[in-house]
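Reader: Please take me through one part of this model in detail. I would like a close look at a ligand site and what lies around it.

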Amino acid sequence: GSSSAQKDVKITILQGKVESNKQFKQIAKQYEKTHPHVKIEVTSIGGGTDYDPVLKTRISSGNAPTIFSLAGPADLKQFKNYAADLSDTKAAKNAEKGTTSAVSEGGKTYGLPFNVEGYGYVYNKTVFKKAGIDPKSLTTVAKLQAAVEKIDSEKDQLGIKGVFAMPGKETWTMSDHLLNLYLAPEYDNNAMKLYNSKTLNFSRNQEMKQMLDLQKKYSVQPVMQLDYSAQVNQDFSQGKVAMIQQGDWIYPTVESVDKKFAQNDVGMIPIPVKGEEGKLPVGTSLYWAVNKRKSTAEQKAAKDFLDWLYTSKAGKKDVVNKLHFVPAYKGYSNMKMPDALTQVVYDYSKQGKTTGWVFPAYTGTSWDPDVAQPNLQKYLSGKQAWDKTVTNMKTGWAKQQSSK
Amino acid sequence: MVEINLDHIYKRYPDAKDYAVTDFDLHIKDGEFIVFVGPSGCGKSTTLRMIAGLEDITKGDFKMDGKVMNKVAPKDRDIAMVFQNYALYPHMTVFDNMAFGLNIRKNDKADTKKRVDKAAEILGLTDYLDRKPAALSGGQRQRVALGRAIVREANLFLLDEPLSNLDAKLRVQMRTEIAQLHQRLGRNFIYVTHDQVEAMTMADRIVIMNAGKIQQVGTPFELYNKPTNKFVAGFIGSPATNFFNVKVENGYADGDGVHVKIPEGQLKVLVDKGYDGKNLTLGVRPEDIHAEEVALQTFPNATVDATVEVSELLGSNTMLYSKVGDTDFIAEVNSRDYHEPGDKVKMAFEMTKAHYFDNDTEMTII
Amino acid sequence: MVEINLDHIYKRYPDAKDYAVTDFDLHIKDGEFIVFVGPSGCGKSTTLRMIAGLEDITKGDFKMDGKVMNKVAPKDRDIAMVFQNYALYPHMTVFDNMAFGLNIRKNDKADTKKRVDKAAEILGLTDYLDRKPAALSGGQRQRVALGRAIVREANLFLLDEPLSNLDAKLRVQMRTEIAQLHQRLGRNFIYVTHDQVEAMTMADRIVIMNAGKIQQVGTPFELYNKPTNKFVAGFIGSPATNFFNVKVENGYADGDGVHVKIPEGQLKVLVDKGYDGKNLTLGVRPEDIHAEEVALQTFPNATVDATVEVSELLGSNTMLYSKVGDTDFIAEVNSRDYHEPGDKVKMAFEMTKAHYFDNDTEMTII
Amino acid sequence: MVGFKNYTALLTDKTFINAFWFTLAFVIVTVILLNVIGLGLALLVTQKFKGSNLLRTIFFMPNMIGGLILGFIWQFIFTQGFTALGTALHWSWLNGWLTNAKTGFWGLVIVTVWQMSGYIMIIYIAYLQNIPQEVIEAAEIDGASAWQRFTKITFPMIAPAFTVCMFLTLSNGFKIYDQNLSLTNGGPYQSTQMLAMNIVNTAYNSGNFAAAEAKAMIFFIIVAAISLIQVFYNRKREVDL
Amino acid sequence: MKKKSTVFIGILGILLGLLWLFPFYMIVSNSFKTPKGIFASVLSLPNPFTSANYGASFKALHFMSSLTNSLIITICSVLLLILCSSMGAYALQRNHSKLSGALLMVFISAMLIPFQSVMIPLTANFGSVHFLNMYGLMFMYVGFDCSLSIFLYQGTLSSIPIAMDEAAELEGANRWQIYTKVILPMLSPMTVTVAILNIIAIWNDYLLPSLVLPQAQYTIPLQMFNFFGEYTKQWHLALAGITLSIIPVILFYLFAQKWIIKGVTDGAVK
Ligand SMILES: Nc1ncnc2c1ncn2[C@@H]1O[C@H](COP(=O)(O)OP(=O)(O)OP(=O)(O)O)[C@@H](O)[C@H]1O
Ligand SMILES: Nc1ncnc2c1ncn2[C@@H]1O[C@H](COP(=O)(O)OP(=O)(O)OP(=O)(O)O)[C@@H](O)[C@H]1O
Ligand SMILES: [Mg+2]
Ligand SMILES: [Mg+2]
């Protein structure tokens, strides 16, 4: 829509997805061309710095952005005074069901999802083919286990160092992604529900333990030394492992290491969870918010831009092709995703074969880094029994929720 | 071109328990050349530094042309100074060291160069103008320090042992140069030295200090001939005055091995002052002790039988380190009268030039 | 207790274009007291520093007891040194400064204390033992530097102008102390001084240097009476030898205002060496120029008519800065023969003590 | 009272207490190592030998790279370099670095020392060069060996440098964050988490600002007390020349 | 004897030097590898060898403009900083009052304050006077870094004899002249040190400029962090970038060394 006011407006965008910095800038430039009265300045924060403090400083210095990104309910709580209600935007109306629930309250929507993401076991097609295993068939834990054992026994022939590369250092792969699989069903795949829950059930913890043990046992060792870059760049992208627990976001990294490998050899299957077979956990990790302290004109321009980005024809093309986003919005049905992993996510989500992301309910709270992560790591490095780990996590949750 | 008054000045260094300078009272006339002498540590540099404004004056007033200057910053006193330890700027060349004061005053560059070159020539530093102080010999550094002062036409020059590290020949030359500078500029000079020749030849007046106190102020002649106390007599002259413990008895000064007649005039004064039959100290300068035949004949009543212990031949004169009774003394005799150590020599005191000092107050009686 | 050989030593400082020391060749006997003299900047300190091992020797060998020491670290040479600029440890008290060398050698504490206390007493520093150098006067610092050396019983003592900042009286005392120390220890001493009295009285042999080169090595007597060249003659003695440009003609030395008879013996040598009718330089010491009637009578053929320009009364002697023709010279006369500036005075040269120098080589002819 | 509760809560906050001890141990070790090595390097490169200037540059170079890259590089050294070396030499202790608190600790120490000793070095150099040569010479003449010259002359005379470097290494040791983040990120299970990271995490990751403030306050008081007492005490021993 | 210790020192120097250089070997060698090559083996030499990273990194960093920004900010801040801190230290050191001692302690304590705890009010203040740009940044650097610099200067000043001030003052120099003509030149070895320490700190700083600078004034580190996404870290470009960005600093350092050495030969005379 080009219903923007005649007066010149400048909007500033501050966002935390540094890898898309260049693309956002290109898109902004393009938008400026078609909307001569609007100027857009994009700033991306990342790398070694935390996004939150920067946003806070920008706000307090009177240099607040018009559009900023939020990472979930905890962020929203912090910046609620600045987040405008976006429920009347076209984009909000087009957002896929459930994608805004984590940033909605009292019927108001404060954030627009960047995209949706999904994770599972990203696997190496060649290895599986060589091992004679169809990854699509690994729908249950037992099947997975059998396949893992088989691959492991043929490690040398397959030319791999391990079945998995489990990044013991990157605690979020356990505490966010893996744990989510066993919590989501209990909380109806709804982050807000978990966010408001006084207790943590975690009744399926044994299943998680099993998966954890499986990954650890058949991983490249020592797991405690592995981090994201070792897992993705070094082991997976170099064809040294059969699969890793990651999501569609690793595609650019894999591609940057070995383009051919990325194009030909990469696929993703859901992690088998009892009762949730064949479903991929799909969710949103970042949301756009519009600063409600800015002038109405500026807010309007910001909303127009977001609407344009996610609902206009040109914008949609950029979302998919430039940003490599799996859209969180309706109206993309005829578009082809740019890479194999996003395609998988998109396919699952289009078919509705998804489970939810409940972990945004605790990322950004102290439970995640202070309770979940250290306890899981302790278990992983053999310093703590599983029972104790589970108890600790539960009591930690209860303690946090009681003081909220 | 200033009159300087030091009014009962005291100085105590922070944390020190004693005063470094006590009751220093001196009036310096316009254009005077004052020399400070005194034993090491007696407060000469301290006084100079107070005049320069580098040390706070603990008590008393320092005045220039009647104006109290105690609180005036050094830079506003228009003083040129040679520091005892040179205080050269290590990062500047010799030229820049000397030109610094002039440059600060925005003196015309060409004139500065002229003056520095002139000074360097006088000081024999022409070849070293581009060097840094670290690459100079001790004496060369001292000359740079001197050069830094003499290029300026300050109101007051403070020179703290400016020639101590120079060889005799250069020292004589420099002395002349400084004297000429003083004459040409007509400014006040205060000069600290340990070299008695320098003190005697350069000074209009000498200030002799001891343990922070002025002992005597006077012309070289006065100090030499009319020392106010034993200290001055013992300090001025090199070697210093010899002292003998004697008793005034029957017109003779009587002591251990000494039995010399006191000249009439002197005796009268001594008796008048009530020293007859009393102990006092007799002072005779080395150069007033003679060993030539002719002198022995001239002063037959004033001879002693001495033993030479060491003899130093110094060109035309010879020092005889001698002993009479238990008293050591030095005689400076003509080299013609050279004696070997161990010689027993008869020597005559030129008693008309002798001095007498009270044993308690150490003040000069005559 | 060592023999020291300096074999044709050269020194060039990094970045300097000239040699600071050239072909320095000297053999020092066991227990000798050597004094270095020479004009400021002639290379005395440099030589000392090479001996100490503080400067690299550019060329030549330095040997102790026959062993080449060029590469031996200073600490292993067992040397005690007084630096020209003291080089005190600013962070240590006077006591610690003096005790440092002994402590380093793990000398018995009690003995160290005894020695330092003794040295402090000699040096008059007893009251200052607890002070840091910054709170001392210039002379006191120099005494600490001296104390640091004398508490040690090193093999070789290097003293670089150790008394320059002391008053005359103290200097005489210190001189004696150093001489006694030398005697007691029987070690080698190398002593740099600008004070001719010090040089003359203390040295077994004097090394006189100029522009980095040794001019003459000899006993004080030799240097004074038999200078090898004009430089030595002009340097030793204070004031220095007077020089006159003369021509040898008819048995007379003839020059601007000078017409004096050359004694027989001297003349013969001059003629033999072919100087008859030639120009040369006549050297007469100030103390060999007389103004007394008796001298004028004694040397009737060797008088000049001089004009006194400045006269300095120095106790028993008086310096007459005089002029004959266009030549300036100094006469040291008895104070009885005092003359006012401006006086025209007849003076006699004691020609038997005169020296003659070749105008080209400046070497002594007689 | 609410504020006070935040402080008492710290006493039972195990991670905070653990971070405190970990940091303290780290500070003690690095302060010693950095000053010893920094000063050692300074002494080394102030010797006159060919290449001493080059060495200075080399020792200082680690300061030119920021925390992230540093962590990256060193992770590879620890995980791959050490492992390769360990296998080659059959030194098992070289394997599995950064996987537990102990190797994590020493890993942090190594990286910190590697990076910061050049920094400390150039401070010491600046002061070393201020020592008048003549005083060193005097000590040589007095017979002091190189070590004695160092302990009795050089070291007392660079006392101000020691004060500064102690202060810097102390306060930096307490405040260290980048290296912690990039090398171990506090892991495993927060066992290598240091105070600064603990506070930042409390504030930004957990959003518990009140607790973070209380921690920061305690932290600041401790650091200030230790560092300033050190400065005060050391300055007393310095002399003006 | 002298020889032997020199050889020993030389060998020790070489060994330590290699130890210190090893990580740089990794940086440089990996910057010539393909992304795949980097992770195939980090420790080995580049194979295949590529210099493409440099071109790409040069472009991605907008190298010329961010280099210019970095240079302007670093040079101006450091100059200001040296001026302020050396003057401050001079004033504090030469004045032996209780107040100056206390002031110094205040400066020193200021170093203990973690940046994170002041960054919000700081930027708020600068923002309110519209000073969130490179000029504001320079002032912030002066503020933040002067404590250490003063501390460093203060220590060296005590070894510059007061006689230097005295000599100059007697020659008629006022405080400012004494400071500029005598003290500052004599401080030059320390100035070089202070400059080096601050240059590397400011040159590499990320956090503060990221809060303060508008896009057009981005410095090299700010651009560099575009290589570090949450998931995608473009090490090949980053390492090339790092190599590019430390070259100016190393050049400066080598150049500064000359100065330090020179400062020493100018060195102290009693
Ligand atoms: N570090 C140096 N670099 C270059 N030249 C130097 C250095 N030190 C001294 N010189 C030069 O070497 C010559 C000899 O110096 P030295 O210090 O030995 O003289 P000296 O005889 O001790 O003089 P003084 O009596 O003035 O102390 C001088 O001309 C001096 O300028
Ligand atoms: N900074 C100081 N603090 C304490 N006492 C000092 C200080 N400076 C000098 N003194 C003391 O004050 C006294 C006088 O010192 P001053 O320097 O004036 O002596 P001086 O007459 O110049 O001696 P010299 O001939 O040795 O240079 C000395 O006893 C000295 O120890
Ligand atoms: Mg003095
Ligand atoms: Mg010398």
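Author: What follows describes the site of ligand 1, then the magnesium ion, and last a residue of chain A. The model is predicted, and the distances below are computed from it.

The shell around ligand 1 has 21 residues, and those that come nearest are B:Ser137, B:Gly139, B:Gln140, C:Ser45 and C:Thr46. Because the residues surrounding ligand 1 come from chains B and C, the site is shared between chains. Two helices each supply at least two residues of this shell: α4 (138-150) of chain B and α1 (44-52) of chain C. By residue class, the shell around ligand 1 consists of 11 polar, 7 nonpolar and 3 charged residues.

Some side chains can be placed against oxygen atoms of ligand 1. On chain C, a polar side-chain atom of C:Thr46 is 2.4 Å from an oxygen atom of ligand 1. For C:Ser40, an N or O atom of the side chain is 2.7 Å from an oxygen atom of the ligand. Chain B takes part through B:Tyr128, which has a polar side-chain atom 3.4 Å from an oxygen atom of ligand 1. On its own, ligand 1 has 630 Å² of accessible area, and the protein covers 89% of that area.

C:Ser45, one of the residues that come nearest to ligand 1, also has a part in a metal site. The magnesium ion, ligand 4, is coordinated by OG of C:Ser45 and OE1 of C:Gln84, at 1.8 to 2.2 Å. These two residues are 39 residues apart and link distant parts of the chain: C:Ser45 belongs to helix α1 of chain C, while C:Gln84 sits in the loop between β6 (79-82) and α2 (94-104) of chain C. Both C:Ser45 and C:Gln84 are buried.

Chain A offers another residue to look at, A:Lys10. A:Lys10 lies in strand β1 of chain A, which covers residues 9-15. Its relative accessibility is 45%, so A:Lys10 counts as partly exposed. Apart from neighbours within four places in sequence, A:Lys10 is in contact with A:Lys39, A:Glu41, A:Thr66 and A:Glu298. Of these, A:Lys39 is 29 residues away along the chain, yet its C-alpha atom and that of A:Lys10 are separated by 4.5 Å. With A:Glu41, the side chain of A:Lys10 makes a side-chain to side-chain polar contact at 3.5 Å.

Methods:
Residues are numbered from 1 along each chain as its sequence is written. Chains are lettered from A and ligands numbered from 1 in the order in which they are written. This is a predicted model: local features need pLDDT of at least 70, side-chain atom pairs count only at pLDDT 80 or more; totals for chains, interfaces and linings use all residues. Side-chain values use heavy atoms; hydrogens and water are left out. A residue is near a molecule or strand if one of its heavy atoms lies within 4 Å of it. A polar contact is a pair of N or O atoms within 3.5 Å; within protein, one must be able to donate a hydrogen and the other to accept it, and residues adjacent in sequence count only if both atoms are side-chain atoms. Accessible areas come from the Shrake-Rupley method with a 1.4 Å probe; for residues, only the protein chains shown count as cover. Helices (H or I, at least four residues) and strands (E, at least two) are DSSP runs, numbered from the N terminus. Ala, Val, Leu, Ile, Met, Phe, Trp, Tyr, Cys and Pro count as nonpolar, Asp, Glu, Lys and Arg as charged, and the others, Gly among them, as polar. Buried means under 20% relative accessible area, exposed over 50%, partly exposed in between (1.4 Å probe, protein chains only). Contact means heavy atoms within 4.5 Å. Donors are N, O and S atoms within 2.8 Å of the metal (3.2 Å for Na, K and Ca); water is not among the atoms, so sites may look incomplete.
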